[in-house]
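Biologist: I have the sequence and the structure open side by side. Could we go through the fold together, beginning with the strands?

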Amino acid sequence: QVQLVESGGGLVQPGGSLRLSCEASGFFFSAYYMTWVRQAPGKGPEWVSTISVAGTTTYADSVKGRFTISRDNTKRTIYLEMNSLKPEDTALYYCARGDWDDARSASGYRGQGTQVTVSS
């Protein structure tokens, strides 16, 4: 079955960096777009970034220039390199198979998430 497992979250000071990972299994990974989504307490899911099959990347304006998404098909893993972190980046970050429409679909596949907290 499809499984997505995130790791790499934690507590970091403003201005700091973290690298999130999402390891996938149960499907032909290299044939799918992959997406990072975050959800802050009391708010709805927010699209963060998507990487295409060919490696084309797109970002939400709120993270553009600070976050970098990448994928390693040999490891069936996507990454999210997060720099210059701000308190407003605090959220549960999770990965999803497909693009943003797939990620927010009731039938979409998502991981359980990894918590990122940015605080001094």
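Biologist: In which sense do β7 and β8 pair, and over how many bridges?
Modeller: This is a predicted model. In it, β7 and β8 pair in the antiparallel sense, over six bridges. One facing pair there is Thr68 with Glu81 in β8.

Biologist: How many residues lie between the strands of that hairpin?
Modeller: There are four residues between the strands in the hairpin of β7 and β8. Arg76 is found in this loop between β7 and β8.

Biologist: What is phi of Arg76?
Modeller: Phi of Arg76 is near 55 degrees, a positive value in a residue other than glycine.

Biologist: Which class of accessibility does Arg76 fall into?
Modeller: Arg76 counts as partly exposed, because its relative accessibility is 26% and that class lies between under 20% for buried and over 50% for exposed.

Biologist: Which residue in the loop between β8 and β9 should I look at for phi?
Modeller: Look at Ser84, which sits in the loop between β8 and β9 (91-97). Ser84 has a positive phi of about 50 degrees although it is not a glycine. With a relative accessible area of 41%, Ser84 is partly exposed.

Biologist: Back to the sheet. What is the order of its strands?
Modeller: The order is β1-β3-β8-β7, in an open sheet of four strands with antiparallel pairing. The edge strands are β1 (3-7) and β7 (67-72), each of which pairs on one side only. On average, neighbouring strands of this sheet are turned by 15 degrees against each other, direction ignored.

Biologist: And what holds strands of a sheet together in general?
Modeller: Strands of a sheet pair through backbone hydrogen bonds, and the pairing is either parallel or antiparallel.

Biologist: How many bridges join β3 and β8?
Modeller: Strand β3 (residues 18-25) and strand β8 (residues 77-82) are joined over six bridges, in the antiparallel sense. Arg19 stands opposite Glu81 in β8, and Ser21 stands opposite Tyr79 in β8.

Biologist: Is β8 enclosed or exposed?
Modeller: Strand β8 is largely enclosed by the rest of the structure, because five of its six residues are buried.

Biologist: Let us stay with Ser21. Is Ser21 buried or exposed?
Modeller: Ser21, which has its place in strand β3, counts as buried, because its relative accessibility of 19% falls under the 20% cut-off.

Biologist: Which residues does Ser21 touch?
Modeller: Not counting residues up to four places away in sequence, Ser21 touches Val5, Glu6, Ser7, Trp36, Thr77, Ile78 and Tyr79.

Biologist: A change of topic: how many aromatic pairs does the structure hold?
Modeller: The structure holds two aromatic pairs. Phe27 and Phe29 form a tilted pair, at 6.3 Å centre to centre and with 50 degrees between the planes. Phe27 and Tyr32 form an edge-to-face pair, at 5.3 Å centre to centre and with 90 degrees between the planes.

Biologist: Which residues make up the cluster, then?
Modeller: Phe27, Phe29 and Tyr32 are linked into a cluster by ring pairs.

Biologist: Are those rings' residues buried or exposed? Start with Phe27.
Modeller: Phe27 counts as buried, at 9% relative accessibility. Phe29 is buried too, with a relative accessible area of 1%. Tyr32 is partly exposed, with a relative accessible area of 29%.

Biologist: Now the whole chain. How many helices and strands are there?
Modeller: The chain has one helix and ten strands. From the N terminus on, the elements run β-β-β-β-β-β-β-β-β-α-β.

Biologist: How compact is the chain?
Modeller: The chain is as compact as a globular protein of that length, because its radius of gyration of 13 Å is close to the 14 Å that the globule rule gives for 120 residues. Along its principal axes, the C-alpha trace spans about 40 × 25 × 25 Å.

Biologist: What share of the residues counts as buried?
Modeller: Of the 120 residues, 42% count as buried. The accessible surface of the chain comes to about 6200 Å², and 48% of that surface belongs to carbon and sulfur atoms.

Biologist: Last one: what share of the contacts joins residues at least 24 apart?
Modeller: That share is 55%, among contacts between residues at least 6 apart in sequence.

Terms used. Residues numbered from 1 in each chain as written. Predicted model: local features only at pLDDT ≥ 70, side-chain atom pairs only at ≥ 80, totals over all residues. Heavy atoms only, no water. Pairing = 2+ DSSP bridges. Helix = DSSP H or I, 4+ residues; strand = E, 2+ residues; numbered from the N terminus. Axes fitted to C-alpha atoms, helices over the stretch in contact; angles between N-to-C directions. Rg over C-alpha atoms; globule rule 2.2 N^0.38 Å. Buried < 20%, exposed > 50% of the residue type's maximum accessible area, 1.4 Å probe, protein only. Contact = heavy atoms within 4.5 Å. Areas by Shrake-Rupley, 256 points an atom, 1.4 Å probe, with all protein chains shown as cover. Phe/Tyr/Trp six-rings, centres within 6.5 Å; stacked < 30°, edge-to-face > 60°.
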